[in-house]
Each structure stands twice: as C-alpha cells, then as structure tokens.
Amino acid sequence: MNRCKNIFLSLLFAGKLSGLACAVPVLTFAGGSGNAGPTGTTVGWEFSTTGDLSVTSLGYFDANFDGLQASHQVGIWNSSGLLLVSATVPSGTAGTLINQFRYVAVAPVFLGAGQTFRIGGFADASANQDSLRIAVGPTIVGPITLGTRAKDSSVAGFSDPVNDVLGAGPASFGPNFEFILGGGGAPELSGHWAASLACISLLLGLAESRRNRF
C-alpha cells in the first residue's frame with residue numbers, strides 16, 4: 001500500500017512541475033545511415049501540436065556521429081509563414097550530440113497547442129554535404145503529430161519550406177528540435193540528457209520529501 005502511495009505521490013508531484021526545464025528531443029532514431037538530399041534550399045517537415053511546448057534548442061542530423069560537414073541554419077515557421085526561431089548549427093563537432101543530431105540552444109520559444117508549424121534546415125550547394133533521413137519513421141516524444149509530406153522551400157536559400165516533396169514520405173529529417181512542456185524554461189539546460197536525468201531525480205526527491213510530511 002505504501003509503495004503504491006509513493007508512486008502515486010511521485011507522479012502527481014512530478015506532473016505539477018512538468019514545466020521544469022528538462023529539455024528532450026522531439027524525435028529520435030535508433031540509428032542507421034542517411035540519404036542524400038537536395039542542396040541550395042531548405043528542407044524539413046511539418047507538424048501539429050497537441051499540447052503546449054517550448055522549443056529550447058535546434059538541431060541537425062549527423063548521420064555518422066562524427067561531426068557535420070557544413071553549418072546549417074535551422075528554423076521553425078508558423079502556418080502563416082512567420083519565422084519564429086532560428087539558429088545555426090555549426091560544422092564539426094561543436095553542436096551537442098544527442099542520438100544522431102547536433103543541437104544549439106536558443107531562448108525558449110512557445111508553441112501553443114492546436115497549431116501547425118514547419119521546421120526546416122538549409123543545406124548549401126557545397127561539395128561536401130550532410131545526409132538526411134528521408135521517409136523513415138522516428139520515435140516521437142512529446143505533443144506533436146507529423147504532417148503527411150516532407151517539405152522544401154519554393155526559393156533558394158534559407159526560407160519557409162512550404163512545398164510538398166512528392167514521394168519523400170512524411171519528412172526530411174535534417175532539422176530537429178528539443179522542447180520542454182509548457183512555456184518558459186532555462187535554455188542552458190537544453191541539449192544535455194544528464195540535466196534531464198537530474199531534473200527527474202529532483203522531482204522524485206521532492207515528491208519523497210512531500211510524502212514524508214504526511
């Protein structure tokens with residue numbers, strides 16, 4: 001009985017602190033190689049939010065975990081084409097590596113529930129180009145659903161990826177992002193699984209402390 005009570009109190013208290021800044025990637029892959037993608041344009045994917053979240057970092061796919069061949073500007077646009085947040089993921093190994101993506105922190109940007117957004121990453125036309133993951137289903141963590149078609153931009157350069165890429169499946173997974181539930185947060189925690197685990201430990205510790213008061 002006490003064990004069940006402990007679990008219940010931990011989950012209840014953790015739920016009340018779900019806005020704590022424990023950033024995690026919205027999607028991950030188990031591994032595998034990438035695919036060649038278009039260059040000189042912005043490619044990505046569309047998603048809809050089923051709950052409130054805040055973007056805390058932007059990332060780009062590093063197929064072999066060995067660093068990016070080039071830097072990539074990554075951004076998120078709303079359904080009206082307004083750029084909400086952007087950052088440049090640097091070449092090499094400077095970006096924080098989680099799973100097969102490298103991330104850079106951004107000031108938290110709130111994305112409300114029930115809306116549609118597009119995320120895109122720019123790939124220039126240089127000889128050494130980074131791979132994408134195309135038409136491969138990722139593991140999704142968080143309140144989003146993927147669109148039905150991969151996206152690319154209608155003009156050259158870094159711009160809103162509004163066009164459907166026919167035959168490419170639901171997404172071109174070059175760009176990615178980390179998030180926290182709700183709004184606000186501390187971007188310095190973004191990109192570190194250790195920080196996320198520390199947050200979970202803190203929540204459980206606080207729940208245990210709260211339980212001991214009863």
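**Exercise 1.** In this predicted model, determine whether Trp45 and Phe177 are buried or exposed.

*Solution.* Trp45 is buried, and Phe177 is buried as well. The term applies because each residue has under 20% relative accessible area. For the protein chain as a whole, buried residues account for 43% of the 214 residues.

**Exercise 2.** Classify the aromatic pair that Trp45 forms with Phe47, and then the aromatic pair that Trp45 forms with Phe177.

*Solution.* Step 1: A pair of aromatic rings is described by the distance of the centres and the angle of the planes. The structure holds eight aromatic pairs.

Step 2: For Trp45 and Phe47, the centres lie 5.4 Å apart and the planes make an angle of 50 degrees. This angle is neither under 30 nor over 60 degrees, so the pair is tilted. Phe47, like Trp45, is buried.

Step 3: For Trp45 and Phe177, the centre-to-centre value is 6.2 Å and the angle between the planes is 15 degrees. An angle under 30 degrees counts as stacked, therefore this pair is stacked.

**Exercise 3.** State which strands hold Trp45 and Phe177, and how many residues apart the two are.

*Solution.* Step 1: Trp45 belongs to strand E3, residues 41-49. Phe177 belongs to strand E16, residues 175-181.

Step 2: The two residues are 132 residues apart, and their pair links distant parts of the chain.

Step 3: For the wider setting, the protein chain has two helices and 16 strands. Of its contacts between residues at least 6 apart in sequence, 80% join residues at least 24 apart.

**Exercise 4.** Identify which residues form one aromatic cluster with Trp45.

*Solution.* The cluster is formed by Trp45 together with Phe47, Phe117, Phe173 and Phe177.

Conventions. Residues numbered from 1 in each chain as written. Predicted model: local features only at pLDDT ≥ 70, side-chain atom pairs only at ≥ 80, totals over all residues. Heavy atoms only, no water. Helix = DSSP H or I, 4+ residues; strand = E, 2+ residues; numbered from the N terminus. Buried < 20%, exposed > 50% of the residue type's maximum accessible area, 1.4 Å probe, protein only. Contact = heavy atoms within 4.5 Å. Phe/Tyr/Trp six-rings, centres within 6.5 Å; stacked < 30°, edge-to-face > 60°.
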